[in-house]
Structures are given as C-alpha cells and as structure tokens.
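Q: I'm new to this structure and would like a close look at just one part of it. Could you pick a part and walk me through it slowly?

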Amino acid sequence: MCERYVSVILLDLAKLFILSRKSMTLQLTVPNMACSACASTITKTLQAVDANASVQADPTTKLVSVETQASETAIKEALAAAGYPVAN
Ligand SMILES: [Cu+2]
C-alpha cells in the first residue's frame with residue numbers, strides 16, 4: 001500500500017467524521033441585538049462560521065437560536081467579534 005493511498009483513506013475518514021457530527025441547537029441571549037438589521041448581521045456572522053447553520057434571531061426577546069455543527073465556543077467568539085457578545 002503506497003503512502004498516497006493511505007492519505008486518501010484518511011481524508012475519506014475525516015470527511016465521514018465531519019458529516020456524522022451531529023448538529024446541535026444553541027439558545028443564546030444577545031443583549032446588543034436592537035433591531036432587525038442587528039438580527040441580519042448576526043445571521044450572516046453565524047453563517048460565515050457554518051454555511052449550513054439555521055439561525056433565528058429575535059430583536060424583541062434578544063434571543064438567538066442557532067442549529068449548527070460548529071462548536072458553541074466558535075459561535076460565541078464570532079458573535080463577540082461582530083460586536084454582539086453573548087450574555088451568560
Ligand atoms: Cu440593529
């Protein structure tokens with residue numbers, strides 16, 4: 001078995017691992033979300049982290065619900081960097 005063949009197998013395994021990762025739904029409170037433009041920015045920010053993320057952002061309740069395969073840490077860091085830190 002040549003090295004190239006082994007690396008192809010490893011790549012396939014990595015892809016399988018990523019595809020089999022379960023997505024989870026995070027419920028976050030984002031106090032800085034004031035209007036629908038904020039909600040739109042938040043949605044775009046999260047979809048830049050995970051293009052397949054499903055995001056619901058409500059400026060009235062300040063709640064962001066995001067279904068994603070990205071980690072909670074990655075999501076929170078992206079929001080903070082965009083000016084929308086998550087409240088604890
Ligand atoms: Cu706004």
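A: The protein has 3 helices and 3 strands, where helices (H or I, at least four residues) and strands (E, at least two) are DSSP runs numbered from the N terminus. Follow the chain and the pattern reads α-β-α-β-β-α. What you're looking at is a predicted model, in which local features need a pLDDT of at least 70 and side-chain atom pairs count only at pLDDT 80 or more, while totals for chains, interfaces and linings use all residues. Residue numbers start from 1 along each chain as its sequence is written.

Let's zoom in on the sheet, and on strand E2 in particular. The 3 strands make an open sheet, ordered E1-E3-E2, with antiparallel pairing; two strands pair if DSSP finds at least two bridges between them. E1 (24-29) and E2 are the edge strands, and each has a single partner strand, so one side of each has no neighbour in the sheet. From one strand to the next, the twist averages 10°; angles run from 0 to 180 degrees between N-to-C directions, and axes are lines fitted to C-alpha atoms, for helices over the stretch in contact.

E1 is joined to E3 by 6 bridges, and Leu 28 has Val 64 in E3 as its bridge partner. On the other side, 5 bridges tie E2 to E3, again running antiparallel. One of the pairings to look for is Gln 56 with Ser 65 in E3.

Now follow the chain from E2 round into E3. These two strands form a hairpin, with 4 residues between them. Stop at Lys 62, which sits in the loop between E2 and E3. Its phi is near 65°, a positive value in a residue other than glycine. Most residues other than glycine have a negative phi. Lys 62 has 18 other C-beta atoms within 10 Å, which is why it counts as partly exposed. The cut-offs are 20 or more such neighbours for buried and 12 or fewer for exposed, with partly exposed in between, and the C-beta atoms are placed from the backbone.

Go back to the start of E2 and you'll find Ser 54. It stands opposite Glu 67 in E3. Ser 54 is also 6.6 Å from Thr 68, C-alpha to C-alpha, although 14 residues separate the two in sequence. With 14 C-beta neighbours inside 10 Å, Ser 54 counts as partly exposed.

Ser 54 belongs to an alternating pattern. Along E2, Val 55 and Ala 57 point to one face and are buried, whereas Ser 54, Gln 56 and Asp 58 point to the other and are not. E3 alternates too: Val 64, Val 66 and Thr 68 point to one face and are buried, while Leu 63, Ser 65 and Glu 67 point to the other and are not. Across the 88 residues of the protein, 16% count as buried.

So what does the sheet pack against? Helix H2 packs on it, touching E2 and E3, and its direction makes about 155° with that of E2. Ala 57 in E2 is a good residue to click on. Setting aside residues up to four places away in sequence, Ala 57 touches Met 33, Ala 39, Ile 42, Thr 43 and Val 64; a contact is a pair of C-beta atoms, placed from the backbone, within 7 Å.

Ala 57 also turns up in the largest nonpolar core, which has 13 residues; Val 30, Met 33, Ile 42, Ala 57 and Val 64 touch the most other members. Such a core is a set of buried Ala, Val, Leu, Ile, Met, Phe, Trp, Tyr and Cys residues joined through C-beta atoms within 7 Å. H2 (36-49), E2 (54-58), E3 (63-68) and H3 (72-81) are the elements that give two or more residues to this core. H2 gives the most, with 3 residues.

Finally, step from H2 to H3. The two helices pack at about 135°, with axes 10 Å apart. Here Ile 42, Thr 45, Leu 46 and Val 49 of H2 meet Ala 74, Ile 75, Ala 78 and Leu 79 of H3.

Notes:
Contact = placed C-beta atoms within 7 Å.
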